[in-house]
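Thanks for coming. I will go through one model today, starting with the terms and then moving along the chain.

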Amino acid sequence: MGEVHVVGIRVEQPQNQPVLLLREASGDRYLPIWIGQAEAAAIALEQQGVEPARPLTHDLIRDLLVALGHSLREVRIVDLQEGTFYADLVFDDDVVVSARPSDSVAIALRTGVPIFVEEAVLDEAGLLIPDDDTEGEGGVREDEVEKFKEFLDSVSPDDFKAT
């Protein structure tokens, strides 16, 4: 299982479908996951540091955990079946709750916990975008998002469904 970082959200046109892009922490593979509008907005708002006037659902989950004295330890994207990704939220005392990856990532960003992906999932759906020597702030290549946009222009969610 490898750790990944959130690169960001992009809206694929013309379907207006948001895509969450994750990147291996110690590798060159990217994992695109098509997600819902609400989850995309929640992830993007958190990445941009926008504080909503009232807590969003993922903020509420974080606040409930704190109020109840529990903590989320990590998020794991554990499976891919017929084009659908599956994730687990791993809490203290090794309590595991199944969840959608989009919700899991939104909660992970709010709680600051690591996100991991099973190697089999990365092998099946990960995309290798070779690294070059051009890196920007924080070691992130400046052209990484542009390459991803070009990739998205050439694929659809159906390309990731098992045959």
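First, a term for how covered a residue is: buried means under 20% relative accessible area, exposed means over 50%, and partly exposed is in between, with a 1.4 Å probe and protein chains only. By that scale, Arg73 is partly exposed, with a relative accessible area of 36%.

Now the ground rules. This is a predicted model, in which local features need pLDDT of at least 70 and side-chain atom pairs count only at pLDDT 80 or more, while totals for chains, interfaces and linings use all residues. Residues are numbered from 1 along each chain as its sequence is written, and side-chain values use heavy atoms, with hydrogens and water left out.

On confidence: pLDDT is the predictor's confidence in each residue, from 0 to 100. The chain has a mean of 86, and 79% of its residues reach 70 or more. When I say helix or strand, I mean DSSP runs numbered from the N terminus, with at least four residues for a helix (H or I) and at least two for a strand (E). Confidence is highest in strand E7, residues 115-117, at 98, and lowest in helix H5, residues 144-152, at a mean of 61. Over residues 133-141 the pLDDT is below 50, and this stretch has 15 contacts in the model beyond near neighbours in sequence. A contact here is heavy atoms within 4.5 Å.

Next, the strands at the start of the chain. Two strands pair if DSSP finds at least two bridges between them. E1 and E2 pair in the antiparallel sense over eight bridges, and Val4 has Glu24 in E2 as its bridge partner. The two strands form a hairpin with four residues between them. Asn16, in that turn, has a positive phi of about 60° and is partly exposed, at a relative accessible area of 40%.

E2 also runs antiparallel to strand E3, residues 29-34, with five bridges joining them. Arg23 has Tyr30 in E3 as its bridge partner, and a hairpin of four residues joins E2 to E3. How much of E2 is buried? Seven of its eight residues are. In E3 we find Pro32, which is buried at 1% relative accessible area. Pro32 and Val19 are 13 residues apart in sequence but 6.2 Å apart in space, C-alpha to C-alpha.

A second positive phi, again about 60°, belongs to Asp93, which is not a glycine. Asp93 sits in the loop between strand E5 (84-91) and strand E6 (96-99) and counts as exposed at 70%.

That brings us to salt bridges: a side-chain nitrogen of Lys or Arg within 4 Å of a carboxyl oxygen of Asp or Glu. The count comes to twelve. Which residue does Asp94 meet in a salt bridge? The partner is Arg73, at 2.6 Å, N to O. Asp94 lies in the loop between E5 and E6 and Arg73 in strand E4, residues 72-81, so the pair ties together parts that are 21 residues apart in sequence. Asp94 itself is exposed, at 54%.

Glu46 and Arg110 also meet in a salt bridge, at 3.9 Å, N to O. This pair links helix H1 (residues 37-47) to helix H3 (residues 101-111), with Glu46 and Arg110 64 residues apart. Glu46 is partly exposed at 26%, whereas Arg110 is buried at 9%. Both belong to a network of salt bridges with Asp59, Arg62 and Asp63. Within that network, Arg62 and Asp63 meet at 3.0 Å, N to O.
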